[in-house]
Structure formats: structure tokens, C-alpha cells
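Reader: I am new to protein structures and want to know what the usual words rest on. Could you take me through one?

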Amino acid sequence: MIKHKDISEANLRAKIKAKQILFGGNNNLKIYGHLNCKSGKRMKQENRVFFSTEKEALKNNFRPCGHCMKTAYKKWKHEVV
């Protein structure tokens, strides 16, 4: 997990381009999703974190986004209930 405030914009872009960062998340809400998600783009930079894999996000107790990851969210919701 990489906090947005701990990485430079140039380094962030390079990692995204190299496919080393594939998911973004909200550290306060513990939600992760695709980098192009409308919900994710609206979050404050100080709350934003990045993950290289879904497994990494789940390991850090984040749940899938209900907007951009509907299938994964439904599966997660079914497992939690």
C-alpha cells in the first residue's frame, strides 16, 4: 500500500504506466477500486492510497467499490453477511 502523499506525481505516473499500480483506495472508508472510477477520482488526496493487486487491498481490510467493481463487491458482500 502506497499513500498518495508519500509518492511524487512523476513516480506515481511511472508506476501506473508500468502497471505496478492498478487500484486506488480510500484509507478512511477502506474501499478500493479501479483507477478510472468516478467515485475514486472525487476523494481527497490525503485519503488516497494505491495497491498493485486486489489481494493486497483485501489483505489491508479494504472492500471492493460498489460502482466500478460490482461483481467483486457483490461477492464480498455475500461473504460478509
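Author: What follows is a set of short questions and answers on this structure.

Author: This is a predicted model, where local features need pLDDT of at least 70, side-chain atom pairs count only at pLDDT 80 or more, and totals for chains, interfaces and linings use all residues. Residues are numbered from 1 along each chain as its sequence is written, and side-chain values use heavy atoms, with hydrogens and water left out.

Reader: How many helices and strands are in the protein chain?

Author: The protein chain has 4 helices and 5 strands. Both are DSSP runs, numbered from the N terminus: helices are H or I with at least four residues, strands are E with at least two. Along the sequence the pattern is β-α-β-β-α-β-α-β-α.

Reader: What makes the protein chain as compact as a globular protein of that length?

Author: Set its radius of gyration against the globule rule. The radius is taken over C-alpha atoms, and the rule is 2.2 Å times the number of residues to the power 0.38. The chain has a radius of 12 Å, close to the 12 Å that the rule gives for 81 residues, so it is as compact as a globular protein of that length. The C-alpha trace spans about 40 × 25 × 20 Å along its principal axes.

Reader: In what order do the strands of the sheet lie?

Author: The order is S1-S4-S2-S3-S5, in an open sheet of 5 strands with mixed pairing. Two strands pair if DSSP finds at least two bridges between them.

Reader: Why are S1 and S5 called edge strands?

Author: Strand S1 (2-3) and strand S5 (63-64) each pair on one side only.

Reader: How do you know which strands pair with S2, and are they parallel or antiparallel?

Author: Count the bridges. S2 and S3 are joined by 4 bridges and run antiparallel. S2 and strand S4 (residues 48-51) also pair in the antiparallel sense, over 4 bridges. Asn 26 has Ile 31 in S3 as its bridge partner, while Gly 25 stands opposite Val 49 in S4. S2 and S3 form a hairpin with 4 residues between them, and Lys 30 in the turn has a positive phi of about 60 degrees.

Reader: How do S3 and S5 run, parallel or antiparallel?

Author: Strand S3 (residues 31-34) and S5 run parallel, joined by 2 bridges. Here Tyr 32 stands opposite Pro 64 in S5.

Reader: Why is Lys 59 called exposed?

Author: Buried means under 20% relative accessible area, exposed over 50%, and partly exposed in between (1.4 Å probe, protein chains only). Lys 59 has 71% relative accessibility, so Lys 59 counts as exposed. Lys 59 belongs to helix H3 (residues 54-59).

Reader: What about strand S2, on its two faces?

Author: Both faces of strand S2 (residues 23-26) are covered. Phe 23 and Gly 25 are buried on one side, Gly 24 and Asn 26 on the other. Over the whole chain, buried residues make up 30% of the 81 residues.

Reader: How many aromatic pairs does the structure hold, and what makes a pair edge-to-face?

Author: The structure holds 3 aromatic pairs. Rings of Phe, Tyr and Trp (its six-membered ring) pair if their centres lie within 6.5 Å; planes under 30 degrees apart count as stacked, over 60 as edge-to-face and the rest as tilted. Phe 23 and Tyr 32 lie 5.8 Å centre to centre with 85 degrees between the planes, and this pair is edge-to-face. Phe 51 and Phe 62 form another edge-to-face pair, at 4.9 Å and 70 degrees. Their pair links distant parts of the chain: Phe 51 is in strand S4, and Phe 62 is in the loop between H3 and S5, 11 residues apart.

Reader: Why do Phe 51 and Phe 62 count as buried?

Author: Phe 51 is buried because its relative accessibility is 0%. Phe 62 is buried because its value is 2%.

Reader: Which residues make up the largest nonpolar core?

Author: Phe 23, Tyr 32, Val 49, Phe 51, Ala 57, Phe 62 and Met 69 do, 7 residues in all. A nonpolar core is a set of buried Ala, Val, Leu, Ile, Met, Phe, Trp, Tyr and Cys residues joined through side-chain atoms within 4.5 Å.

Reader: Why is there no bond between the sulfurs of Cys 65 and Cys 37?

Author: A disulfide is a pair of cysteine sulfur atoms within 2.5 Å. The sulfur of Cys 65 is 3.8 Å from the closest cysteine sulfur, in Cys 37, so it is too far for a bond. For Cys 68 the closest is again in Cys 37, at 3.7 Å, also too far. The structure holds 0 disulfides.
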